[in-house]
Amino acid sequence: MEQWENARQQRPLSGRRRVLAWLAVGTVAAVGGGVVLRQSLAGAEPAAGAVGEGGRRWSDAEGWGGKVPGAGSAVRITDKVVLDGDAKVGSLLIDTGGSLVFAGDRSVTLESAGNVEVRGVLALAPDAAHTHTLRFPDIDERRFQGGGMTVVDTDTGLWVTGRGYLRLDGAPRTAWVRAATELKAGDTVLKLAVAPEGWQVGDELAVTPTAPPDAEGFSDAYDLVTVQRVDGPSVTLAAPLQHAHPRVSLGGGAVFGAEVLNLTRNVRVEGTEQGRAHVHLTSSRPADVRHAVLRRVGPRAVGKESWNGQPVSEPVLGRYGLHFHMLLDTSRGTVVEGVVVRDAGSHAFVPHNSHGITFRGCISHNTWEDAYWWDGPIDTRTPQGPSDDIAYEGCVASRTVFEPNPRGYRLTGFSLGAGTGSSAKDCVAVGVQGATGASGYEWPETSEGVWTFENCLAHNNLENGIFVWQNSEHPHTVSRFAAYHNGGWGIEHGAYLNDFAYRASVLYGNAAGGIAVHALGRDKGTVFDGLLIDAAGKSDYAVATLKHQLDGELVTLSRSRLTGYRKAGVAFRATGDGKPDDIAVLDCEFGDGPELWLDPDAPAPKQILFRKAGQSETLALGKAGPGLAAGPWNAATSPAAAPTPPRQVELPVLKFTDGAPRTGRVTG
């Protein structure tokens, strides 16, 4: 242990006083230096168990050489220390062999004006009745430099380096639960689909928007409320709801109430409204981060660009909410459970070039930039660096924003980036703002990853539910997806050529329509099979083709039901500056109105095949012209051969969970 009296100067104590400090703790450091708490991948360290509270007390002046560190002290810990009361320091280094454990049976806060670096062990693991807080109160975001693998003095935050071990281990709380009933403005009681575990009086909840896209504020009408009482699945609020949150029936067995997100945890790492912190991990020892809230993280800097004459800010490179930075295989086995990142100025969860991390029951709420993300390519000609075997299980991206919003091009809740073996299951993207191409889930350009994507939901996003913009080499499958009340398309599918299979999914009441088709097939062709697309009177078309940049393989819409559209089920609207349509609509059912419509401004199609459900005849659609009269779809028709024999409609039957997955503490 060492301490310096002036944290800004970083100058050690001198003379006799410094010698006394070293003498006072030398024996303790020697005893405690070999204690470790986590099993390494190489098997050289014992497995993590309960973090013990042996060692000297922070409040014991003798252990510090006669004086407990104060707000101006730069502290170095080389032995075992227990934080047994509130403390303030100028900065903190927990060196190799040292540990700082917050006392589990009391609520304590450590404030640091500068960096906290962990080369040894830092553990915040309170019992359910108490709260542990690490706060950075004096951050000046203008001084941040960003980038790199090493600690930067000006970039104040929590750094876990070398073989440091971070344990943030709060009391379990059910991360989110859906409402079991319609919620009305003025309601003070929430009826939930399942009884939440661990919710307490005073917890802060966010109730997500569910209103249709023609309602005012449909994508940002959140209620932030406080728990007054919990009786099983019934939660009484301290104040009434300000907005209505209808329960929405999509068909296919899918009925959704608003998600009620619990934003409170009893482990907290936070900056302030005046300055945001960050958490940066480069340690080769996997961290345990569970049931913690990281608030006011993700610093921003004034950028070089402006909007309407005013400078706009941009994120600081590498200084994100929870950032696993280039750990490769050493991060395998890491589990991040029940963690909330909120009120953040940058990306929330970032497993950058770090493999084998599971995010379970996590929430990003009110964060800027793509919420679940890792560093993208430097340009559109360079592939993204991969992160393999990333798992998002029951995670939520809620109210993802950008400054200014009209510049939020392709903003997304979940960026499904490059790598292999990754999955997104039972996740929710809601309230994502942004502009053209923004979405709940994005398969981004030059960042092809092969994902298992199942039972995910996107609703009340300002633009799209899903946005794909890839020229992919591998086939991709999206199954049991639901999108409702988005301000754009349920699925906007590009870029030029790729092979995707969308199966057993429901798209309901999206303002632009169910599906926009930009891309044609690459090798096998893209397939939309067994879908229920209900425009719910919100859009002219259930499906529309748009510009096809390159000539490719057939796109097939099959065994689906299209209904609720105002003008036609499928509109063929390929543009004259691109390639013509190459589409087959086979064995589909339709609601009232024309099944198809060929835009007179579209070029002559390469191929449009149509066979209605229950019929054996297949027709080819072409442009009307001399000798070819326009039929009921503004098209000329002729007999054609289909690539498959007639099949029955196969509508989806969806079974979504109504709450986050169950999570637990490190030690059970």
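**Sheets, ring pairs and a pocket in a predicted model**

Let me begin with a pair of residues: tyrosine 502 and phenylalanine 528 are both buried. Please keep in mind throughout that what we are looking at is a predicted model. The rings of tyrosine 502 and phenylalanine 528 form a stacked aromatic pair, with 4.8 Å from centre to centre and 5 degrees between the planes. Tyrosine 502 belongs to strand S46, residues 500–503, and phenylalanine 528 to strand S49, residues 527–529, so that the pair links distant parts of the chain, 26 residues apart.

How many aromatic pairs does a search of the whole structure find? The search returns 26 of them, and I would like to show you one more. Tyrosine 372 and phenylalanine 414 have ring centres 4.3 Å apart and planes at 10 degrees, and because an angle under 30 degrees counts as stacked, this pair is stacked. Here too distant parts of the chain are linked, since tyrosine 372 sits in the loop between strand S33 (363–368) and strand S34 (391–393), while phenylalanine 414 sits in strand S36, 42 residues apart. Are these two rings buried or exposed? Tyrosine 372 has a relative accessibility of 0% and therefore counts as buried, and phenylalanine 414, with a relative accessible area of 0%, is buried as well.

Aromatic rings also appear here beneath charged groups. The charged end of arginine 56 sits over the ring of tryptophan 64, at 4.1 Å from the ring centre, and arginine 276 lies over the face of tryptophan 368, at 5.9 Å from the centre of that ring.

Strand S36 brings me to the sheets. It opens an open sheet of eight strands, whose order is S36-S39-S42-S45-S48-S51-S54-S56 and whose pairing is parallel. The edges are strand S36 (412–415) and strand S56 (596–598), each of which pairs on one side only. On average, neighbouring strands of this sheet are turned by 15 degrees against each other, with direction ignored. Within the sheet, strand S45, residues 489–494, pairs with strand S48, residues 513–517, in the parallel sense over four bridges, and tryptophan 489 has glycine 513 in S48 as its bridge partner. Strand S48 also contains isoleucine 515, which counts as buried at 1% relative accessibility. From isoleucine 515 to leucine 619 there are 104 residues in sequence, and the C-alpha to C-alpha separation in space is 22 Å.

A second open sheet has six strands in the order S14-S21-S16-S17-S18-S15, and in this one the pairing is antiparallel. Its edge strands are S14 (176–178) and S15 (189–191), each pairing on one side only, and its neighbouring strands are turned by 35 degrees against each other on average, direction ignored. As an example of the pairing, strand S17, residues 223–231, meets strand S18, residues 234–237, in the antiparallel sense over four bridges, with valine 230 standing opposite valine 235 in S18.

There is further parallel pairing around strand S37, residues 419–425, which is joined to S34 by three bridges; in that pairing, tyrosine 392 has alanine 424 in S37 as its bridge partner. Five bridges join S37 to strand S40, residues 449–454, again running parallel, and lysine 425 stands opposite glutamate 454 in S40.

Let me turn to the backbone in the loops. Just after S37, in the loop between S37 and strand S38 (428–430), we find aspartate 426, which is not a glycine and yet has a positive phi, near 60 degrees. Aspartate 426 has a relative accessible area of 28% and is therefore partly exposed. Arginine 296, in the loop between strand S25 (293–295) and S26, likewise has a positive phi, near 55 degrees. Two cis peptide bonds also deserve your attention: one joins glutamate 403 and proline 404, with omega about -25 degrees, and proline 404 lies in the loop between strand S35 (396–401) and S36. The other runs from glycine 494 to alanine 495, with omega near 10 degrees, and alanine 495 lies in the loop between S45 and S46.

Finally, which residues are closest to the centre of the largest pocket? This pocket has a volume of about 990 Å³, and of its 35 lining residues the closest to the centre are Glu369, Asp370, Trp373, Pro377 and Tyr409. Strand S26 (300–307) and strand S27 (310–315) each supply at least two residues of that lining.

Terms used
Residues numbered from 1 in each chain as written. Predicted model: local features only at pLDDT ≥ 70, side-chain atom pairs only at ≥ 80, totals over all residues. Heavy atoms only, no water. Pairing = 2+ DSSP bridges. Axes fitted to C-alpha atoms, helices over the stretch in contact; angles between N-to-C directions. Phe/Tyr/Trp six-rings, centres within 6.5 Å; stacked < 30°, edge-to-face > 60°. Buried < 20%, exposed > 50% of the residue type's maximum accessible area, 1.4 Å probe, protein only. Lys NZ or Arg CZ within 6 Å of the ring centre and 35° of its normal. 1 Å grid on protein atoms, 1.4 Å probe; cavity = no way out; pocket = protein on both sides within 12 Å on 5 of 7 lines; lining within 4 Å. Points joined across faces, edges and corners; volume = space filled by probe spheres on them.
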